[in-house]
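This report is written for someone meeting the structure for the first time. Please look over the sequence and the model before reading on.

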Amino acid sequence: MTATRTSTSAGTEGAPHVASAAPAPTSGGAPQVVSGGAVRLRGVSKAYGRGPAVLDTVDLDVAPGSFVCLLGASGCGKSTLLSLVAGLERPTVGTVEVPSSGAALMFQESALFPWLTAAGNLDLALKLRGVPRRERPAEVERLLDLVRLTGAGGKRVHELSGGMRQRVALARALGQQRSVLLMDEPFAALDAITRDVLHSELERIWRETGTTVVFVTHNVREAVRLGERVLLMSSRPGRIVREWAVDASGSRRIEDAAVAALSIEITDHLREEIRRHAR
Ligand SMILES: Nc1ncnc2c1ncn2[C@@H]1O[C@H](COP(=O)(O)OP(=O)(O)OP(=O)(O)O)[C@@H](O)[C@H]1O
Ligand SMILES: [Mg+2]
């Protein structure tokens, strides 16, 4: 089942920084629910208030269970696109379809509650999702195991490293049980080694859970390391102008020659987009 969000519908919000894109209220007689598990944008344009178009006539299909990375100059509308899929923003024109279970959103900053432990943060998110109290401890343990934080649930946020915080944030997003995970530069603030480890973890979790991932990054190598598809957006207004398919069948490392070669090609195109944007 898929919920269709149109310019006449409203989004909903779940726990802080864990956006819910549950089916939007119907209005205007437009069909709000159709079948299929894909994320689908059709003719989506977005302007904030009376401002210029940030996104212009974006068409995008993300197949269920696929991993898509989104690249583009700063300000080209990547976060806006994620906000539309998450239901936090409405398109000015066009339609956005998401699976009926909706999408969870994860940001660069983990935005955990500092006065709670890692487990406490997860428990709260589950509580907000309506999971009964008796079921929550086991689910918290399962989520901690999933992100390889077994035994760390009792640590307070200030006792966690940056990488561990992002693991908790990832666990919290996964705990929303949405079939789509939207990630907005989630590893940008981490050192290279920690990021490397989290790439492997994310890839494992993606394969284990079959979650659909839309991942925004400024790091071309990261996009090629993680994605099955890498999309490049233009700026002012934002459009998807180019796409690369990545062979994700084998194991990939960020320092692989194949990853480097494709990254160079994509970087050239990204530079050109940034140059055009700067003119
Ligand atoms: N809530 C908002 N109200 C008004 N303008 C906004 C809002 N959110 C974003 N914008 C504008 O929309 C444009 C696209 O912003 P967006 O955050 O989507 O870009 P981005 O590609 O994610 O950039 P970055 O790579 O720097 O994160 C920018 O010009 C920004 O100023
Ligand atoms: Mg952004």
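What follows describes a helix, the nonpolar core and the surroundings of a ligand.

## Basis of the description

This is a predicted model, in which local features need pLDDT of at least 70 and side-chain atom pairs count only at pLDDT 80 or more, while totals for chains, interfaces and linings use all residues. Residues are numbered from 1 along each chain as its sequence is written, and chains are lettered from A and ligands numbered from 1 in the order in which they are written.

## The nonpolar core

The largest nonpolar core (buried Ala, Val, Leu, Ile, Met, Phe, Trp, Tyr and Cys residues joined through C-beta atoms within 7 Å) has 66 residues, of which L70, L71, V85, M106, L182 and V214 touch the most other members. Its largest share, 6 residues, comes from helix α4, residues 162–174; helices are DSSP runs of H or I with at least four residues, strands are E runs with at least two, and both are numbered from the N terminus.

## Helix α4

Because 10 of its 13 residues are buried, α4 is largely enclosed by the rest of the structure; buried means that 20 or more other C-beta atoms, placed from the backbone, lie within 10 Å of a residue's own. The cover over these buried residues includes β7, α2, α3, β8 and α5.

## Around ligand 1

Ligand 1 is surrounded by residues including Y48, K78, S79 and T80, where a residue counts if its C-beta atom, placed from the backbone, lies within 6 Å. Helix α1 (residues 78–86) gives the most to this shell, with 3 residues.

Terms used
A residue is buried if 20 or more other C-beta atoms lie within 10 Å of its own, exposed if 12 or fewer, and partly exposed in between; C-beta atoms are placed from the backbone. Two residues are in contact if their C-beta atoms, placed from the backbone, lie within 7 Å.
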